[in-house]
Amino acid sequence: MGTTKHSGRVRLPAMPDPSLWVSKVPFGLNQLKPRHIRDTLKVVWANKDQLPYAYRILTQGVCDGCALGVSGLYDQTLEGPHLCTTRLNMLRLSTMPSIKEERLHDDIERLRRLDSAELRKLGRLPYPLIREPGERRFRRIGWEEALERIAVKIRAIDPKQLAFYLTARGITNESYYAAAKVARFLGTNNIDNASRICHSPSKTALKRSVGIGASSCNYKDWIGTEVLLFWGSVAANNQPVSTKYMYAAKRKGTKIIVINPYREPSMDRYWIPSVPESALFGTRIADDVYQVNIGGDIAFMNGVMKIWFEMEREHPGSAVNWSFVREHTNGIDELKAHVERQEWSLLEASSGLSRERMGELARLLASASSAAFVWSMGLTQHRFGTDNISQVANLALLRGFLGREHCGLMPIRGHSGVQGSGEMGADPFSLPGGECKGGDIDRVERVWGFPLPRWQGDIVGVSLENALLPKEHERKLKLFYTSGGNFLETMPDPDFVRRCLEAVDLRVHQDIMLNTSTLADAKEAVIVLPAMTRYEQPGGGTSTSTERMVYFSPEIAGPRPPEARPEWAIYAELAAKVKPEEAAVLGLESAAAIRAEIAVAAPNYEGIERLKDQGDVFQWGGAWLCEDGVCPTPDGRGRLIPIELPELRKPEGHFYVTTRRGKQFNSMIYSDTDPFNGADRYDILLHTDDAASLGIGEGEAVVAYNRYGTFQGRAKIAEVKQGNLEVHWPEGNVLIPKGVYEAQAGIPEYNAAVILEKADTFHALKDTRYLERRLEELETESGE
């Protein structure tokens, strides 16, 4: 942990810089871009029945969007107000009225005709619901009856047949902590959270490489670093306020580098609404874009390091920070030998980049005195995601870009709730303040006052698959309790996921609204429990940002669904129902009491117990983790790890395909059209040369298919790396194999190889087993 404290907000320059402008035409007229003013007016209209409440949420609450950490309209990075359309789009989830009874109790088949966006618009869940096999609609149930029904089932099954899951939907640290404690109180370690499908490899890799499980630096370190590198991260789409930090960095002379298979327009140029100069003329963001193959990042990084070691042979000290490496790392000799064995032909083929291009980045980083590396799902959502991140750590360690100002490793979080999830113990591998093993179990048992289960819990994907195990199996999932989340729209192979959900005896959905997974059947019953948002919870709540800032979000006066309850309180009430004779030991009496307990159970969070008023915040770990190069590892040193090239399974005639986000927040889609590139949700983005080789024209109907599924859409010519395709998530999940998880962190694989053809060709031959024969033919030709 570091001792230096965050130094506070900085001010943007007062004078404009025309060299950064996208165009002299004001407001990006006649250009493809978001229309922020129009979108803001739409949000105002949508919230017209609760405008005072909406205003209080925006000005008093901590944003329940991304994990930049905007409290009210301010953060800890820049002076001045910050607001983005993502937060505005989410606002209606907190202000909308309850679902009308005639719609809530409508025929289930009519509800199933609605997509998740249409279900959201129905309104908030007003009271508990239940639907049993054969029933055509949900019926109302009392809280006592609902919790008793769940408790009876929990008492009747093996704890290994019970699993909890918590999404990142505005969930507070208090709720994560309560769920983690209740799960262990009930005897199960099957508890997981939304980071499993986004940043679990980041935590795993950073732990093994440098001993930390969070960002080592601050957003403020972007402003003034020599190189700010975004790897597989489209922060402008997913964390729009971050564009303001990028603007501030550009004004300080920072070079911004983007590494991604697709030249994302929003990372190329952006009109930042809260910066007058940028709102008028736009801002050029990326100084250079390296378009790698999907899955080619490890090869690219090996190439960069190979060039560094070549530079060292010619001019010692020109690339590697040897003083840092010798004083603060282990493994340099093994890494150097491994990298020098790599053949350029293989590195170029795997990465999709030439030796010369790799050399450009290598020399840029070698000449820089500071750099910050930022990444997201483009690096993590692979079957080798942990290796991807350890490879980034290798780059930082070799250059000494760690533990000081303007340097660091940052897995940028896409949701305000998710950083705290594992730190609170809502994870099969974690407990508050530590890991789910050895001394940490003993320590937490002393704090909690009851024994913890000692068996290894399952990640959520495996828990769902366990629903299909034989009835007598000790791990067959019989009760699945999910707080938010929609696995039909987030996991690979949605049809398989539906089978899993419907094979569970009792499924509990604790949520603020309906989604498509809520409507799936269950063997015995589906129970729906109405939860409060973070703004409604008595005693307020806290959330942890990407940069480890712990913010207090107060309860905000406004309308409430009639029977919604705080999420942490629901867990506590359920535990007391299951084990009434032991309930006294559980605690969890109030939000303040939970914060006091967190401070003891998770020592890094000492100070959370003092957060009680609007604007209260502290940063755990100081400004920089691994300060001065000292890592929280057994020997205080970082570990340089030789990383092997992954096998890229693309048979001849196939394309790599990966998923991307459009105008959406996680799986919540706000527009069918991406405002940056005009792409429809079912467009398939491909390179112009690939389109020409297949005789495919812009907008033409096409089909992408493999052994896992078929995706029908239209061709969208775009600046995608040749040989690669991009489809929107979650629509493209039909192409992703089920049950393929990264070995160390358990994240699902979200990439695959596919064949792309014109739709008329595909459909003309579909009755002759064309798909199967075509796959077999091409895979035989490739020798697989």
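# Exercises on a predicted model

V25, F27, L29, I37 and L41 make up a nonpolar surface patch whose accessible area together is about 490 Å². The structure is a predicted model, and the exercises below begin with this patch.

## Exercise 1. A member of the nonpolar patch

Task: Determine where L41 lies and whether L41 is buried or exposed.

Solution.
1. Locate the residue: L41 belongs to helix α1, which covers residues 36-46.
2. Recall the cut-off: a residue is called exposed when its relative accessible area is over 50%.
3. Apply the cut-off: L41 has 56% relative accessibility and therefore counts as exposed.

## Exercise 2. Two residues before α1

Task: Classify L20 and N30 as buried or exposed, and state what is notable about phi of N30.

Solution.
1. Place the residues: L20 is in the segment before α1, and N30 is found in the segment before α1.
2. Recall that buried means under 20% relative accessible area.
3. L20 has a relative accessible area of 11%, so L20 is buried.
4. N30 has a relative accessible area of 83%, so N30 is exposed.
5. Consider the backbone: phi of N30 is near 65°, which is positive although the residue is not glycine.
6. Consider the neighbourhood of L20: its C-alpha atom is separated by 5.4 Å from that of T283, and the two residues are 263 apart along the chain.

## Exercise 3. A buried arginine

Task: Establish which side chain of opposite charge is nearest to R87, and which backbone oxygen the side chain of R87 reaches.

Solution.
1. R87 is located in helix α3, residues 85-95.
2. R87 is buried, and the nearest side chain of opposite charge is D64, 5.5 Å away.
3. A salt bridge requires the nitrogen and the carboxyl oxygen to be within 4 Å. R87 has no salt bridge.
4. The side chain of R87 does reach the backbone oxygen of G72, at 2.6 Å.

## Exercise 4. Salt bridges

Task: State how many salt bridges a search of the whole structure finds, and describe the pairs of R11 and E474.

Solution.
1. The search of the whole structure yields 50 salt bridges.
2. One of the pairs is R11 with E79, with the closest N and O atoms 3.0 Å apart.
3. This pair links distant parts of the chain: R11 is in the segment before α1, E79 is in the loop between α2 (51-60) and α3, and they are 68 residues apart.
4. R11 counts as exposed because its relative accessibility is 68%, whereas E79, at 35%, counts as partly exposed.
5. E474 is paired with K160, the closest N and O atoms being 3.8 Å apart.
6. Here too distant parts of the chain are linked: E474 lies in the loop between α23 (460-465) and β15 (479-483), K160 lies in the loop between α7 (143-156) and β3 (162-166), and 314 residues separate them.
7. E474 is partly exposed, with a relative accessible area of 41%.
8. Salt bridges with shared partners also join E109, R112, R131 and D521 into one network.

## Exercise 5. Backbone features in loops

Task: Identify the loop that holds P730 and the loop that holds H406, and describe the backbone at each residue.

Solution.
1. P730 is in the loop between β28 (724-728) and β29 (751-758).
2. The peptide bond from W729 to P730 is cis, and its omega is near 15°.
3. H406 is in the loop between α20 (385-399) and β12 (408-411).
4. Phi of H406 is near 65°, a positive value in a residue other than glycine.
5. H406 has a relative accessible area of 17% and is therefore buried.

Conventions
Residues numbered from 1 in each chain as written. Predicted model: local features only at pLDDT ≥ 70, side-chain atom pairs only at ≥ 80, totals over all residues. Heavy atoms only, no water. Helix = DSSP H or I, 4+ residues; strand = E, 2+ residues; numbered from the N terminus. Buried < 20%, exposed > 50% of the residue type's maximum accessible area, 1.4 Å probe, protein only. Lys, Arg positive; Asp, Glu negative; His and termini not counted. Polar contact = N/O pair within 3.5 Å; in protein donor to acceptor, adjacent residues only side chain to side chain. Patch = residues over 30% accessible without salt bridge, like charges linked within 9 Å, V, L, I, M, F, W, Y side chains within 5 Å. Areas by Shrake-Rupley, 256 points an atom, 1.4 Å probe, with all protein chains shown as cover.
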